[in-house]
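I wanted a record of what I looked up in this entry, in the order in which I looked it up. The notes keep to what can be read from the coordinates.

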Amino acid sequence: MSHDSAAAPEAAARKLSGRRRKEIVAVLLFSGGPIFESSIPLSVFGIDRQDAGVPRYRLLVCAGEEGPLRTTGGLELTAPQGLEAISRAGTVVVPAWRSITSPPPEEALDALRRAHEEGARIVGLCTGAFVLAAAGLLDGRPATTHWMYAPTLAKRYPSVHVDPRELFVDDGDVLTSAGTAAGIDLCLHIVRTDHGNEAAGALARRLVVPPRRSGGQERYLDRSLPEEIGADPLAEVVAWALEHLHEQFDVETLAARAYMSRRTFDRRFRSLTGSAPLQWLITQRVLQAQRLLETSDYSVDEVAGRCGFRSPVALRGHFRRQLGSSPAAYRAAYRARRPQGDRQPDPDTATAGAPRPLPPSDPPTALPPENAVPFQTRRTATPMPAGAAGVPGQLPVTRSGRRRYRAALTASTSAGRGA
């Protein structure tokens, strides 16, 4: 998912200074930067793929500080260009910054400011957004970064409108992306903006990635507290909310516990977490619903009640908006991918009143990567293979198939509970 600001067309229409060229892309590297994120713009913009229908860019790899530049695994890199080469680029890309607690070199920040003033498009991948923010290029603008660092970015640079839900944000002449693979999404978006869908699709096929991913970062958000919230007075309120998600309460309740007005609470909460309190609370309830769907055999109605939703309809709506799937489809897809011996109760709920364990009747299948979220795109369903109408975990696509599926699932669940 991308965010396109209403100001983007106006910003994109800014003219480059005479010495800059639209087809030239400068990638700014620093010591300590992770090699994967650094390699993304090098691969997208630095390889000639004209034979596949991808227009060619001219790549300049620039050192943002004195070398050699050390990266992942102790590798040392030597950039062929220095900061002076940025003066020729129409696009400047800053891959992930080495540490969100370290200030970037002032010389590099000055070079980025000059590039922006002269009409260049500035791009920050993952924590590269911290470099753009340090240069003042995100002030008053929407931006994103890796969900884990979004609260820190929002707190350190309160004038930046941080949205941790987006894969990337295009604000015309300044663009930012979420972590790691989202850098590919943003680079493909740049190619699409410059040369159209056909060119971006050709490049995506070469890279063996989707040309455009749906959804955002919501499915990856962690329940843990933001890194810098621990010493803040709101930490106790946030911790209480996480411990009482099974209860029905609203943002006014949280504001009262913090002894603040709703308006003050909203402002303080957003500065700490990078998210509005209502959106954060809904996200946490959906995450809890995911856990219960994975680790219990509660019905969807029961899950809704145990996650603080006022009705199953509310759960289904928020669940689909955040994860692109209904709760029932999510559970079916998850069960189809989990071997029966691997289903353990959620340690967070393994107390009195904890969810009942899943029945042992589900067929064992391949184990997904740890913490993986079953892939489910919007408005799609997994068809039932021929002869599998009664196998739990497969999503029927016809009305009669659904009836057979429900009957078979009810029978197998009853047998599992009686075992």
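**Arg-98 and its partner**

Arg-98 is partly exposed, with a relative accessible area of 34%. I noted at the outset that the model is predicted, and then I looked for what the side chain of Arg-98 pairs with. I found a salt bridge to Glu-65, in which the closest N and O atoms are 2.5 Å apart. Glu-65 sits in the loop between β3 and β4 (69-70) and Arg-98 in the loop between β6 and α3, so this pair ties together parts that are 33 residues apart in sequence. I also looked up Glu-65 itself, which counts as partly exposed at 21% relative accessibility.

**Other salt bridges**

Searching the whole structure, I obtained 15 salt bridges. One of them joins the side chains of Glu-118 and Arg-19, at 2.8 Å from N to O. Because Glu-118 lies in the loop between α3 and β7 (121-124) and Arg-19 in the loop between α1 (8-12) and β2, the pair ties together parts that are 99 residues apart in sequence. I checked the accessibility of both partners: Glu-118 is buried, with a relative accessible area of 19%, whereas Arg-19 counts as partly exposed at 49%. I keep in mind that the cut-off for buried is under 20% relative accessible area. Following the charges further, I found Arg-19, Arg-20 and Glu-118 linked in a network of salt bridges.

I then looked at Arg-56 and Asp-48, whose side chains meet in a salt bridge at 3.6 Å, N to O. Here Arg-56 is exposed, with a relative accessible area of 53%, and Asp-48 counts as partly exposed at 36%.

**Ser-17**

In the loop between α1 and β2 I also looked up Ser-17, which is partly exposed with a relative accessible area of 22%. The C-alpha atoms of Ser-17 and Ala-120 are separated by 8.3 Å, although these two residues are 103 residues apart along the chain.

**The chain as a whole**

For an overall view I counted secondary structure and found 15 helices and 11 strands in the chain. Of its 419 residues, 51% count as buried. I also asked how far along the sequence the contacts reach: among those between residues at least 6 apart in sequence, 67% join residues at least 24 apart.

**Nonpolar cores**

Which residues have the most contacts inside the largest nonpolar core? This core has 36 residues, and the ones I was looking for are Leu-28, Ile-86, Val-92, Leu-112, Ile-122 and Leu-138. Two or more of its residues come from each of β2 (21-29), β3 (58-63), β6 (89-94), α3 (106-117), α4 (128-134) and α5 (150-156). I noted a second, separate core of 31 residues as well, including Leu-29, Ile-190, Leu-203 and Ala-204.

Returning to Val-92, I listed its neighbours, leaving aside residues up to four places away in sequence, and found that Val-92 touches Ala-26, Ile-86, Leu-112, Ala-115, Arg-121, Ile-122 and Val-123.

**Helices α6, α7 and α8**

I next examined how α6 (residues 182-195) packs against α7 (residues 197-207): their axes come within 7 Å and cross at roughly 145 degrees, and the crossing is right-handed. On the α6 side the contact is made by Ile-184, Leu-188, Val-191, Arg-192 and His-195, and on the α7 side by Asn-197, Ala-199, Ala-200, Leu-203, Ala-204 and Leu-207. Sorting these contact residues by character, I get eight nonpolar, two polar and one charged.

For α8 (residues 234-243) I looked at burial, and seven of the 10 residues are buried, so this helix is largely enclosed by the rest of the structure. The buried ones are Leu-234, Ala-235, Val-237, Val-238, Trp-240, Ala-241 and Leu-242.

**Positive phi values**

Which residues other than glycine did I note with a positive phi? Cys-126 has a positive phi of about 55 degrees although it is not a glycine. I placed Cys-126 in the loop between β7 and α4, where at 6% relative accessibility it counts as buried. The phi of Thr-180 is near 45 degrees, again a positive value in a residue other than glycine. Thr-180 lies in the loop between β11 (174-177) and α6, and at 33% relative accessibility it counts as partly exposed.

Note on methods: Residues numbered from 1 in each chain as written. Predicted model: local features only at pLDDT ≥ 70, side-chain atom pairs only at ≥ 80, totals over all residues. Heavy atoms only, no water. Core = buried A, V, L, I, M, F, W, Y, C linked by side-chain atoms within 4.5 Å. Buried < 20%, exposed > 50% of the residue type's maximum accessible area, 1.4 Å probe, protein only. Helix = DSSP H or I, 4+ residues; strand = E, 2+ residues; numbered from the N terminus. Contact = heavy atoms within 4.5 Å. Axes fitted to C-alpha atoms, helices over the stretch in contact; angles between N-to-C directions. Left-handed = near helix turned anticlockwise from the far one by under 90°. Nonpolar A, V, L, I, M, F, W, Y, C, P; charged D, E, K, R; others polar. Salt bridge = Lys/Arg side-chain N within 4 Å of Asp/Glu carboxyl O.
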